[in-house]
Number of protein chains: 2
Amino acid sequence: MKAAIMGYGIVGGGIAKVLTENKSKVKQILGEECELGYILDLRDFPEDPYGDRVVRSLDEILADKEVRVICETMGGLKPAYEYTKRILQQGISVCTSNKELVAAHGAELLTIAKDHNCSYLFEASVGGGIPLLRPFSTTLMHERIDRVTGVLNGTTNYMLSCMQKGDTFDMALTRAQQKGYAEKDPTADIEGHDACRKIAILGSLAGGARVNTDDVQTEGITKLTEQDFEYARCNDYTIKLVAEAKLEGGAVGAVVAPFLVPMSHALASVNGVFNACIVHGNMLGDVMFYGQGAGRDATASAVVSDMIDALLHDGEHVFVNLSAVPALRMDDLQMTHRFFVRVDESEKAKAVKTFGEDISFVEARGVFGEWAFITAPMSEADFAAALKSLDEVRGYLRVLEA
Amino acid sequence: MKAAIMGYGIVGGGIAKVLTENKSKVKQILGEECELGYILDLRDFPEDPYGDRVVRSLDEILADKEVRVICETMGGLKPAYEYTKRILQQGISVCTSNKELVAAHGAELLTIAKDHNCSYLFEASVGGGIPLLRPFSTTLMHERIDRVTGVLNGTTNYMLSCMQKGDTFDMALTRAQQKGYAEKDPTADIEGHDACRKIAILGSLAGGARVNTDDVQTEGITKLTEQDFEYARCNDYTIKLVAEAKLEGGAVGAVVAPFLVPMSHALASVNGVFNACIVHGNMLGDVMFYGQGAGRDATASAVVSDMIDALLHDGEHVFVNLSAVPALRMDDLQMTHRFFVRVDESEKAKAVKTFGEDISFVEARGVFGEWAFITAPMSEADFAAALKSLDEVRGYLRVLEA
């Protein structure tokens with residue numbers, strides 16, 4: 001049995017490393033060796049121990065009938081989508097860390113895999129090495145999952161951890177880029193697109209119906225200021241980019257946004273590049289998965305675990321609970337949160353009138369000339385309407401319930 | 001397809017509840033209904049919706065060839081061990097929450113199951129509803145796992161949480177009994193036997209070789225005093241009953257004991273009846289699983305997930321990575337920790353002489369007449385020897401590394 005890797009970047013290189021370092025373990029499980037036969041990349045890797053396996057064209061790989069599984073670690077939609085389709089149509093399994101492709105076309109690719117008796121697996125697409133996705137299609141399938149809440153983006157979480165300690169947004173971003181946690185163009189992370197794709201995948205698996213990324217209300221962390229963190233610190237909160245999916249009666253409501261998180265909440269202590277995800281089932285209650293959400297070796301290890309699963313079931317389709325049927329979008333009226341709002345001092349009377357008497361005012365050291373308060377629980381729709389009636393809103397955040 | 005429950009106590013009742021509440025979900029997965037055909041118990045349950053299914057003898061259940069899976073929630077070794085053997089020998093799968101039986105005879109029962117093309121599954125035996133065991137036989141199997149560290153006993157963790165807030169041991173135990181978290185005879189929990197069984201199971205799964213409960217160095221929480229907690233509070237620690245298995249070169253070293261846990265450690269914030277387990281793999285790094293470690297519904301949900309797995313693979317054996325081959329016991333010289341030690345004031349000079357200059361003294365508010373210190377990392381063997389040279393030891397705890 002041979003394997004191939006498409007896209008020999010960070011994760012692709014990690015897969016080669018895991019297959020090498022844990023070769024005897026993998027052999028023990030499969031009963032035979034899993035040889036890395038081909039690497040598809042446009043670059044050459046003369047120094048790499050697998051440098052002699054580099055090819056330029058997918059056809060070369062597909063011509064070798066011993067290849068039974070291919071790892072797609074190219075990222076992006078093009079040409080990963082077309083390539084994956086072609087591979088699956090030949091009955092060869094694909095394992096990937098490409099959350100963008102899974103979020104956009106995962107259900108379709110799974111159908112193709114099923115029709116061709118092979119597998120499309122993507123454990124590494126969410127939460128890096130944390131074994132988080134598999135349980136939704138196995139151990140947790142009989143649960144009615146009504147909520148999935150996570151810190152799913154390591155880059156922004158590292159930045160927010162820095163900001164909590166006093167960094168400005170720009171300082172935190174520079175630091176993250178220096179450490180290699182943030183890309184040169186950090187848009188996908190800081191605008192919440194990465195977390196949006198991940199919660200779309202998790203929401204889809206949890207409910208068994210496809211959640212579109214367009215249906216996830218997505219806000220990034222770029223508007224956060226030092227004042228927001230001062231309020232958080234003074235009131236026993238921290239700020240996290242939270243991804244949340246609520247499921248009820250076949251409908252899914254999903255949001256990615258910076259939240260005030262009470263320090264007593266399990267997600268508050270998820271710092272740096274770590275990820276965590278809390279799953280709530282009707283019988284199970286809360287279960288949390290926690291670990292490094294990125295990192296070459298951990299992510300590669302998850303891809304390798306998928307490769308082994310695909311190879312152990314070569315000629316069959318490994319079931320994944322991701323349906324092509326679109327999920328209903330939960331009415332914004334059903335999506336409720338408490339909101340933390342900062343307005344200009346002059347807006348106080350109007351704010352009280354708009355949000356009612358049961359708002360609670362909050363203060364921060366050294367922040368003057370404005371009023372800040374936390375609302376009673378209200379729907380996204382009502383909050384959006386209320387916000388429009390105020391002129392001088394300095395910022396707002398959702399509040400995660402303890 | 002029919003199922004049966006042996007032992008209709010807390011967990012057994014929970015299984016009936018989960019099968020009822022999530023009936024349509026279970027049917028959707030199995031493609032047919034899973035009818036609860038029999039309940040084996042010596043008591044009658046006239047008020048129970050399943051009261052008419054109660055039988056007195058296993059033979060009655062085995063006579064019905066439609067029964068394909070039986071849940072063993074009797075607990076203890078007798079008659080659970082004999083019953084489980086008889087059932088498996090007939091090719092009927094058994095799912096259990098009985099950690100005592102799994103720790104004592106799990107590998108043997110798995111071999112019988114394999115020989116008779118059925119399954120013996122025990123996800124619920126460790127960590128209640130947390131999907132913690134399955135990954136060791138699937139997603140994590142290619143990892144070299146070198147450490148498993150957990151808070152695995154909810155009863156003692158609840159008590160220690162109370163003691164951290166100021167309760168005495170006796171107050172905490174009474175409170176735990178009132179809440180139904182501790183049994184009338186709390187020995188198995190407070191002496192660490194329950195956690196010992198669980199780490200024996202986890203250590204066995206992690207290394208693929210059988211860890212005996214006798215090979216787990218086990219200390220309970222009965223010797224802990226208010227002074228210990230005062231030291232913990234004053235030095236940014238908490239105290240947890242930690243279960244730890246270290247794996248190296250085929251050898252396993254396991255310990256269950258109260259540890260000083262730095263407040264910054266992920267296990268420090270595992271409070272009340274919650275459980276958590278950190279698994280460290282060579283490629284994966286640290287992954288943590290967290291959730292309610294007990295509780296009727298969550299534990300029952302884990303048994304039901306095993307039932308579904310067994311039924312989906314009826315006529316086959318679901319692989320579990322628990323070998324009958326005994327694990328080597330790690331030399332006590334290889335098991336190293338830092339130790340927190342309290343001695344009578346008069347022993348100070350001797351303590352310094354015995355433990356060397358690189359011990360660090362620690363203080364606690366309101367604790368007088370004694371000296372307390374934390375040692376450099378040292379082996380269990382060396383520590384035991386050093387301890388013998390002191391006359392007035394008031395207590396000691398291991399220290400969990402950050």
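How many bridges join strand β1 (residues 2-6) of chain B to strand β4 (residues 67-72) of chain B, and do these strands run parallel or antiparallel? Keep that in mind while you set up your view; the tour comes back to it at the second stop. One thing to know before you start: this is a predicted model.

**Stop 1: chain A as a whole**

Show chain A as a cartoon. Its secondary structure comes to 14 helices and 18 strands. The radius of gyration is 23 Å, close to the 21 Å that the globule rule gives for 402 residues, so chain A is as compact as a globular protein of that length. Turn the chain along its principal axes and you will see its C-alpha atoms fill a box of roughly 75 × 45 × 35 Å. Of the 402 residues, 52% count as buried. Among contacts in chain A with a separation of 6 or more, 75% are between residues 24 or more positions apart.

Now colour by domain. The domain assignment of chain A gives domain 1 (2-129 + 296-312), domain 2 (134-292) and domain 3 (336-399). Notice that domain 1 is written as two segments. From the C-alpha centre of domain 1 of chain A to that of domain 3 of chain A is 49 Å.

**Stop 2: a parallel sheet in chain B**

Switch to chain B and select residues 2-6 and 67-72. Here is the reply to the opening question: five bridges join β1 to β4 of chain B, and the two strands run parallel. Look for Ile5(B), whose bridge partner in β4(B) is Cys71(B).

Widen the selection and an open sheet of six strands appears in chain B, with the order β3-β2-β1-β4-β5-β6 and parallel pairing. At its edges are β3 (54-55) and β6 (120-121) of chain B, each pairing on one side only. If you show side chains here, remember a general rule: in a regular strand they alternate between the two faces of the sheet.

**Stop 3: one strand and its partners**

Next select β14 (residues 336-344) of chain B. Follow its antiparallel pairings through this list:

- β18 (residues 393-399) of chain B pairs with β14(B) over six bridges, and Val343(B) has Val393(B) as its bridge partner.
- β16 (residues 370-374) of chain B pairs with β14(B) over five bridges, with Arg342(B) opposite Ala372(B).
- β17 (residues 378-379) of chain B is joined to β14(B) by two bridges, and Thr336(B) is partnered with Ser379(B).

**Stop 4: where the chains meet**

Bring both chains into view. The contact takes 39 residues from chain A and 39 residues from chain B. On the side of chain A that touches chain B, the elements giving two or more residues are α1 (10-21), α2 (23-30), α6 (134-137), β12 (285-292) and α12 (296-312). The largest share, eight residues, comes from β12(A). By class, this side of chain A has 18 nonpolar, 13 polar and eight charged residues.

Zoom in on β12 in both chains. β12(A) pairs with β12 (residues 285-292) of chain B in the antiparallel sense over five bridges. Select Phe289(A): its bridge partner in β12(B) is Phe289(B).

**Stop 5: the axis**

What rotation superposes chain A on chain B? A rotation of 180 degrees does so, with 0.0 Å of shift along its axis and an RMSD of 0.0 Å. That is the relation of a two-fold axis. Return to Phe289(A), which comes closest to the rotation axis of the residues of chain A, at 2.5 Å (C-alpha). To finish, colour the interface on both chains: 100% of the interface residues of chain A are also interface residues in chain B, so the copies meet through the same surface.

Technical notes
Residues numbered from 1 in each chain as written. Chains lettered and ligands numbered in written order. Predicted model: local features only at pLDDT ≥ 70, side-chain atom pairs only at ≥ 80, totals over all residues. Domains from an automatic or database assignment. Contact = placed C-beta atoms within 7 Å. Helix = DSSP H or I, 4+ residues; strand = E, 2+ residues; numbered from the N terminus. Nonpolar A, V, L, I, M, F, W, Y, C, P; charged D, E, K, R; others polar. Pairing = 2+ DSSP bridges. Least-squares fit on C-alpha atoms with pLDDT ≥ 70 in both. Rg over C-alpha atoms; globule rule 2.2 N^0.38 Å. Buried ≥ 20, exposed ≤ 12 C-beta atoms within 10 Å, placed from the backbone.
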